[in-house]
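Dear colleague,

Please find the structure below, handed over for your own examination. A summary of the findings follows it.

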Amino acid sequence: MSWRDRDYHSDRPSDYLANPAAILGFSLSAGRWFGVPVRLHFWLLLTLLFDLMLVAQGVPLGQIFIIMGLLIASLLIHEFSHRLTARWAGGSHEAFVLWPAGGMLPPTAPPRPGPTFAAHVGGIAGNLLTALLCGLALWQMGYGVARVPLNPLAAFSSQGFAFAGQWEPWILTTALMLNWGLILINLLPYYWFDGGYLLQAILWPMLGLVSAVRWTCRVGMVLAVPMALLALMGQNIMGLLFWGLLFWSALTRYRQTAFEYDSAGGLFDGYGGPAQPPLEKPNKRLLHKAQQLQEERRQVDAILDKVHKKGMQSLTEREKRVLQKATERQGRENKA
């Protein structure tokens, strides 16, 4: 079971002693924000706990609470921005389950490249606007803007913890780093983040949905290998684990594409409905056979309607042969 298959809306207690992995699906209700139910996922609660442990490093408790508040605010900006663009694109985003990279529940959109891109780029756009406003405020106040890192993990680990006695620049720098970290991590081409859906939407018109998903997974796997090696060379255990999990998620998603065809040969769009337009080049032989069956059904319906109105004696020899052929084929299918 993947993390997207777990029930994040349940408050039912789980037997964590019998199934310790059940804790990975736990989320805590944080009430309703502007009419939207918000839950805090296990990984976010764990992150907040680690933030509290900074008190052992001499960080005042008041500063820690401000960092925690800014993190939750940045995540809500991300999710409400998703909600805005998803609705604009014809989709929805009706519940938030917050984790350190945004939301565990993705926005929905009509299964087309444009709406998919719009729904998923919204969160990144919201964080980018917030980061720019923080940088502009620092510049207007006469403070320099800290150099932003390109490593998303580094962005989250350099949130302006060093307090120099001035609250305004410290709060703005911390908020800038948090929003910048959310931007970077959600640009990564994995389906844990928005980047996987964005790359899929870009490739979709050129390759079709199935190939777009597979190429997105390939890009993710190729990227994860050198990044994991760099983390290993730098003895960065957390980085090695991070890239290893991303590689595994991309590989798992790649394998899943072989099992997501519906009975008509289409691929489910990931939001509970069949994807349109057709995903792969159709098999001409099967398509011709389907067209023949459809035409036969149309003719049989017309013949049966004629029998109902005028009786069997009104049928021509050709109509009788069509009806007999359809009856025999149906009998063979029933026996099979």
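Arg253 is placed over the face of Tyr191, 5.3 Å from the centre of the ring. This is a predicted model, and the remarks in this message should be read with that in mind. A second arginine, Arg218, lies over the face of Trp215, at 4.6 Å from the ring centre.

Aromatic rings also pair with one another: a search of the whole structure finds ten aromatic pairs. One of these pairs consists of Trp99 and Phe193, which are stacked, with 6.2 Å from centre to centre and 10° between the planes. Trp99 belongs to strand E3 (residues 96–99), whereas Phe193 sits in the loop between helix H5 (167–186) and helix H6 (194–207), so the pair ties together parts that are 94 residues apart in sequence. Trp99 and Phe193 are both buried. Elsewhere, Phe34, Phe80 and Phe96 are linked into a cluster by ring pairs.

The sheet may be described next. It is an open sheet of four strands in the order E1-E2-E3-E4, with mixed pairing. E1 and strand E4 (102–103) stand at its edges; each has a single partner strand, so one side of each is left without a neighbour in the sheet.

Strand E1 (residues 27–33) runs antiparallel to E2, and five bridges join the two. Within this pairing, Arg32 has Pro37 in E2 as its bridge partner. E1 and E2 form a hairpin with two residues between the strands, and there Phe34 takes a positive phi near 50°. Phe34 is also one of the residues in the ring cluster mentioned above.

On the pairing of E2 with E3, the sense is parallel and there are three bridges. The bridge partner of Arg39 in E3 is Val97, and Val38 stands opposite Phe96 in E3. Phe96, like Phe34, takes part in the cluster of rings. As a general point, side chains in a regular strand alternate between the two faces of the sheet.

Is strand E2 largely enclosed by the rest of the structure or left open? Five of the six residues of E2 (residues 36–41) are buried, so the strand is largely enclosed by the rest of the structure.

One helical residue deserves a separate note. Thr130 lies in helix H3 (residues 113–140). With a relative accessibility of 18%, Thr130 counts as buried, because the limit for that class is under 20%. A polar atom of the Thr130 side chain lies 2.9 Å from the backbone oxygen of Gly126. When its neighbours within four places in sequence are left aside, Thr130 is in contact with Ile77 and Asn179.

Finally, the cysteines were examined. How many disulfides does the count come to? The count comes to zero disulfides. Cys134 is buried, with a relative accessible area of 8%, and Cys217 is also buried, with a relative accessible area of 1%.

In reviewing the structure, you may wish to begin with the stacked pair of Trp99 and Phe193, and then to follow the strands in the order E1-E2-E3-E4.

With kind regards

Definitions and conventions: Residues are numbered from 1 along each chain as its sequence is written. This is a predicted model: local features need pLDDT of at least 70, side-chain atom pairs count only at pLDDT 80 or more; totals for chains, interfaces and linings use all residues. Side-chain values use heavy atoms; hydrogens and water are left out. Rings of Phe, Tyr and Trp (its six-membered ring) pair if their centres lie within 6.5 Å; planes under 30 degrees apart count as stacked, over 60 as edge-to-face and the rest as tilted. Buried means under 20% relative accessible area, exposed over 50%, partly exposed in between (1.4 Å probe, protein chains only). A charge sits over a ring if NZ of Lys or CZ of Arg is within 6 Å of the ring centre and within 35 degrees of the ring normal. Two strands pair if DSSP finds at least two bridges between them. A disulfide is a pair of cysteine sulfur atoms within 2.5 Å. A polar contact is a pair of N or O atoms within 3.5 Å; within protein, one must be able to donate a hydrogen and the other to accept it, and residues adjacent in sequence count only if both atoms are side-chain atoms. Contact means heavy atoms within 4.5 Å.
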